[in-house]
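Here is a short tour of a protein model, with salt bridges as the main stop. Have the sequence and the coordinates open as you read.

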Amino acid sequence: MGPSGYLPLIQRLGSISPLRIVTRTPWARGLHQGLLACPRTRHQNCFPGQTSQPHSGLGMEAALNQHIQELSDPEKRLLNKLYEGLIQGQRASLAESITLVETQHPRKKELAQVLLQRVLACRREQEKRNGGKPLAFRVGLSGPPGAGKSTFIEVVGKMLTAQGHKVSVLAVDPSSCTTGGSLMGDKTRMTELSRDMSAFIRPSPTSGTLGGVTRTTNEAIVLCEGAGYDVVLVETVGVGQSEFAVADMVDMFVLLIPPAGGDELQGIKRGIIEMADLVVVTKSDGDLVVPARRIQAEYTSALKLLRKKSKSWNPKVVRVSSETGEGIAELWAKMAGYQDAALASGELLARRRAQQKVWMWSLIKENVLQHFQNHPAIQAELPHLEARVTRGAISPGLAADLLLKAFTTSS
């Protein structure tokens with residue numbers, strides 16, 4: 001269902017006016033009135049290019065004071081502590097901030113949005129001083145199991161930190177059905193990089209999220225950039241739905257493949273190859289050099305047959321070896337070339353703007369579904385209708401129509 005398909009359902013959420021929907025929580029009311037300020041400039045206007053003009057009959061300063069009063073003193077101290085630590089690049093503050101945005105606690109989710117708005121506002125200031133250019137390069141990395149993603153990330157990360165970059169790695173792991181925690185433990189497989197003070201590694205359990213990419217991964221990227229990390233690497237769990245999700249939050253999508261051949265390549269979907277801005281053949285060393293060259297030639301030919309998604313960049317296929325380091329420097333040079341080309345053409349900024357809209361609708365769909373499932377009328381009818389569907393007494397489509405009717409009439 002596209003965004004327009006959800007509008008009727010959204011409009012039925014208790015017959016609430018749009019303004020009340022937007023301002024139903026303290027932090028949302030703050031956003032609506034333009035109340036959020038960076039702790040560093042609490043007594044000044046944090047939004048670049050704006051002046052303190054009245055909004056809804058209130059001056060900016062009065063509106064700010066009204067919003068601040070809605071937070072308790074411990075909440076104010078927590079947000080200020082997290083933000084100050086974040087902009088100073090403290091890894092502990094960044095980790096605690098990401099934990100805050102990942103929480104399911106209603107009040108803490110509100111605090112997380114206040115923190116995010118402060119980070120976003122000050123990042124806009126920094127980007128304005130940078131000529132409107134983004135401060136960080138976001139790269140999505142994926143590939144089938146056994147492609148050597150973690151080893152590759154560690155080698156690339158160490159090279160970048162040696163060059164003076166600050167690198168953050170968001171590794172999206174499958175969740176344990178028992179504890180809900182990460183299964184693969186990517187951080188434990190990047191021992192050298194995890195000890196590097198210019199690097200930050202954060203494994204995030206999917207917690208059952210379809211596609212592997214958590215709903216808060218996009219917000220974690222914003223926090224990493226706020227902490228001064230200029231290269232953000234997002235690693236996904238494999239080849240499947242997650243690649244389509246991660247491609248909607250990064251500037252460049254890189255597909256890593258092992259030097260396999262024939263039947264193994266059939267498992268990599270054409271749609272994922274079409275999304276790739278760069279294809280990297282890993283483990284190109286020793287006895288695998290010849291197979292790696294063959295795979296490189298096959299993918300180079302295949303990419304020529306696919307429709308271009310960018311006017312400024314042609315997807316390329318490169319070979320690297322994380323064991324010997326061969327091709328790593330050349331690979332980063334190509335990635336930097338992509339970034340320069342996308343910035344010069346305006347495609348990178350246009351892509352980011354489109355991604356924000358996609359993720360807004362993704363969160364709307366998730367929240368609308370949650371509201372629907374928690375509605376008293378649905379909870380009363382759902383067990384009965386589920387039982388009838390499993391017995392084959394009614395079709396799933398009819399059950400869905402009956403539930404939607406119960407929802408709309410009771411609202």
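A salt bridge here is a side-chain nitrogen of Lys or Arg within 4 Å of a carboxyl oxygen of Asp or Glu. Please keep in mind that the model is a predicted one. By this rule, the structure holds 14 salt bridges.

Let us begin with Glu225, which pairs with Arg123, the closest N and O atoms being 2.5 Å apart. Glu225 lies in helix α10 and Arg123 in helix α7, so this pair ties together parts that are 102 residues apart in sequence. Both Glu225 and Arg123 are buried.

Glu225 has another partner: its side chain also meets that of Arg138 in a salt bridge, at 2.6 Å from N to O. Since Arg138 belongs to strand β1 (residues 137-142) and Glu225 to helix α10, the pair ties together parts that are 87 residues apart in sequence. Arg138 is buried, with a relative accessible area of 4%, and for Glu225, likewise buried, the value is 6%. Together with Glu127, the residues Arg123, Arg138 and Glu225 are linked in a network of salt bridges.

Helix α7 also offers a local pair, Arg107 with Glu110, whose side chains meet at 2.7 Å, N to O. These two are three residues apart in α7 (residues 106-129), and are therefore separated by about one helical turn. Arg107 is partly exposed, at 23% relative accessible area, whereas Glu110 is buried, at 14%.

The three pairs described above are set out here.

| Salt bridge | N to O distance |
|---|---|
| Arg123 and Glu225 | 2.5 Å |
| Arg138 and Glu225 | 2.6 Å |
| Arg107 and Glu110 | 2.7 Å |

Just ahead of α10 (217-226), Thr216 sits in the loop that comes after β3 (199-205). Thr216 counts as buried because its relative accessibility is 5%. Beyond its neighbours within four places in sequence, Thr216 contacts Val101 and Glu102.

Next comes helix α14 (residues 328-345): at 1.5 Å a residue, its 18 residues should span 26 Å, and its end C-alpha atoms are indeed 26 Å apart. Buried residues in α14 include Ile328, Leu331, Trp332 and Met335. Just after α14, Gly346 takes a positive phi of about 85 degrees.

Finally, what about enclosed space? There are two cavities of 30 Å³ or more. The second largest cavity holds about 30 Å³, and its lining consists of Asp277, Lys308, Lys309, Ser310, Trp313 and Pro315. That lining divides into two nonpolar, one polar and three charged residues.

Technical notes. Residues numbered from 1 in each chain as written. Predicted model: local features only at pLDDT ≥ 70, side-chain atom pairs only at ≥ 80, totals over all residues. Heavy atoms only, no water. Helix = DSSP H or I, 4+ residues; strand = E, 2+ residues; numbered from the N terminus. Buried < 20%, exposed > 50% of the residue type's maximum accessible area, 1.4 Å probe, protein only. Contact = heavy atoms within 4.5 Å. Expected span 1.5 Å × (residues − 1). 1 Å grid on protein atoms, 1.4 Å probe; cavity = no way out; pocket = protein on both sides within 12 Å on 5 of 7 lines; lining within 4 Å. Points joined across faces, edges and corners; volume = space filled by probe spheres on them. Nonpolar A, V, L, I, M, F, W, Y, C, P; charged D, E, K, R; others polar.
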